[in-house]
Amino acid sequence: MARVISVAGTKGGVGKSTMAYILAGRLAEMGNKVGLLDADPNHAVGDWHEVGQLPGITIASDITEQNIGDEVAKLEDGGADFVIIDLPGMRGMVQVFAFGLSDLIIIPTQTSRSDVEQALALVHMIERNRKTIQNAKVRLLFTRVSPSYTTGVDAHAFGQIAEHGAPVMSTKLYERKHFKEMTYTGLLPAATGPKATRSDREAVTNINEIVAEVMGVLQGDAVHGLKRFHCYV
């Protein structure tokens with residue numbers, strides 16, 4: 001059975017599609033067969049893959065609540081090791097169906113107050129619906145933060161997440177030019193070759209650390225965040 005990872009949010013621009021794409025791309029580079037379901041009406045990951053044609057990835061677009069179960073089953077029948085679902089940046093039934101199929105739900109968020117509150121509200125919704133979302137682990141992921149320093153806004157956001165006891169990844173997706181370039185080339189950052197820079201290597205390291213933590217969560221080796229999520233947002 002494939003491990004199913006949904007990347008979810010309730011608003012656009014938080015790095016959701018970026019996270020889904022780099023996760024699918026790096027898992028494929030590691031030798032896994034990866035299915036990538038493009039359920040976002042903006043079709044970002046589908047557009048990027050059409051340009052980059054990353055090997056090892058089978059993509060399916062136009063995913064809805066009516067066909068998502070069948071599409072995951074097709075990928076599993078085809079031998080997929082992982083299925084990554086890029087969900088719409090809004091609530092809806094496709095989100096609920098995806099959550100029910102998932103082993104892990106990753107919720108990217110930037111550090112603004114509105115982003116954090118909406119991410120916490122989504123965690124709250126998942127916890128309220130554990131009868132139908134039984135198996136999925138949940139992790140928040142901070143995105144587009146500086147790799148060099150922590151701002152006052154960042155500190156407020158980290159504190160708010162800790163106050164609610166929400167499960168959060170210790171690794172962050174940093175603000176780097178490489179992830180914007182990826183939207184044009186469809187290619188993940190690379191750190192090989194004579195022209196590779198320190199910045200290239202740091203971007204690759206960032207991706208590797210995120211994927212390593214995701215694998216640890218799936219295997220039950222890493223649990224970040226407090227033991228109990230306080231359902232008040």
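Two residues are said to be in contact when heavy atoms of theirs lie within 4.5 Å of each other. With this definition in hand, the structure above, which is a predicted model, can be read step by step.

A suitable place to begin is Ser17, a residue of helix 1. Leaving aside the neighbours within four places in sequence, Ser17 is in contact with Asp40, Ala44, Val45, Trp48 and Asp86. With one of these residues, Asp86, the link is also a polar one: the side chains of Ser17 and Asp86 are joined by a polar contact of 2.8 Å. Is Ser17 buried or exposed? Its relative accessibility is 11%, and because buried means under 20%, Ser17 counts as buried.

The surroundings of helix 1 lead to the largest pocket of the model. About 420 Å³ of space lies in this pocket. Its lining is made up of 21 residues, and those nearest the centre are Gly13, Gly15, Lys16, Thr18 and Trp48. Which elements supply at least two residues each to the lining of the largest pocket? They are helix 1 (16-29), helix 2 (44-52), strand 6 (137-145), strand 7 (173-174) and helix 7. By character, the lining of the largest pocket divides into six nonpolar, nine polar and six charged residues.

Helix 7, one of the elements that line the pocket, deserves a closer look. Its buried residues are His178, Phe179 and Met182. These three cover an arc of only 95 degrees around the axis, and they therefore lie on the same side of helix 7. A general property of helices helps here: an α-helix has 3.6 residues a turn, so residues three or four places apart point the same way. The buried residues of helix 7 are covered by elements that include helix 1, helix 2, strand 7 and helix 8 (198-219). On the face of helix 7 turned away from the buried side are the exposed residues Lys177 and Tyr184. After helix 7 comes Gly186, which has a positive phi near 70 degrees.

Among the buried residues of helix 7, His178 can be followed in detail. His178 counts as buried because its relative accessibility is 5%, and buried means under 20%. How far apart are His178 and Asp200 in sequence and in space? They are separated by 22 residues in sequence, while their C-alpha atoms are 7.6 Å apart. The side chains of His178 and Asp200 make a polar contact of 2.8 Å. Not counting residues up to four places away in sequence, His178 touches Pro189, Ser199, Asp200 and Ala203.

Helix 4 (residues 93-101) may be read in the manner of helix 7. Here the residues Val94, Gln95, Ala98 and Phe99 are buried. They fall within an arc of 135 degrees when seen down the axis, so they line one face of helix 4. The elements against which these buried residues pack are strand 1 (3-7), helix 3, strand 4 (82-86), strand 5 and helix 5.

Two of these elements, strand 5 (104-109) and helix 5 (113-128), also give two or more residues to the lining of the largest cavity. A search of the whole structure finds one cavity of 30 Å³ or more, and the largest cavity holds about 60 Å³ of space. Its lining consists of Gly9, Thr10, Lys11, Val14, Ile107, Pro108, Thr109, Asp115, Gln118, Ala119 and Leu122. Helix 5 gives the largest share of this lining, with four residues. Five of the lining residues are nonpolar, four are polar and two are charged.

The backbone, finally, offers two points of interest in the loops. Most residues other than glycine have a negative phi. His43, which is not a glycine, has a positive phi of about 55 degrees. This residue is placed in the loop between strand 2 (34-38) and helix 2, and at 25% relative accessibility His43 counts as partly exposed. Asp62, likewise not a glycine, has a positive phi of about 55 degrees. Asp62 lies in the loop between strand 3 (57-61) and helix 3 (68-77). With a relative accessible area of 53%, Asp62 is exposed, because exposed means over 50%.

Key. Residues are numbered from 1 along each chain as its sequence is written. This is a predicted model: local features need pLDDT of at least 70, side-chain atom pairs count only at pLDDT 80 or more; totals for chains, interfaces and linings use all residues. Side-chain values use heavy atoms; hydrogens and water are left out. On a 1 Å grid over the protein atoms alone, a cavity is a set of points where a 1.4 Å probe fits but cannot get out, and a pocket is an open set with protein on both sides within 12 Å along at least five of seven lines; lining residues have an atom within 4 Å of a point. Grid points are joined across faces, edges and corners, and a volume is the space filled by probe spheres set on the points. Ala, Val, Leu, Ile, Met, Phe, Trp, Tyr, Cys and Pro count as nonpolar, Asp, Glu, Lys and Arg as charged, and the others, Gly among them, as polar. Buried means under 20% relative accessible area, exposed over 50%, partly exposed in between (1.4 Å probe, protein chains only). A polar contact is a pair of N or O atoms within 3.5 Å; within protein, one must be able to donate a hydrogen and the other to accept it, and residues adjacent in sequence count only if both atoms are side-chain atoms. The arc is that of the directions from the helix axis to the C-beta atoms.
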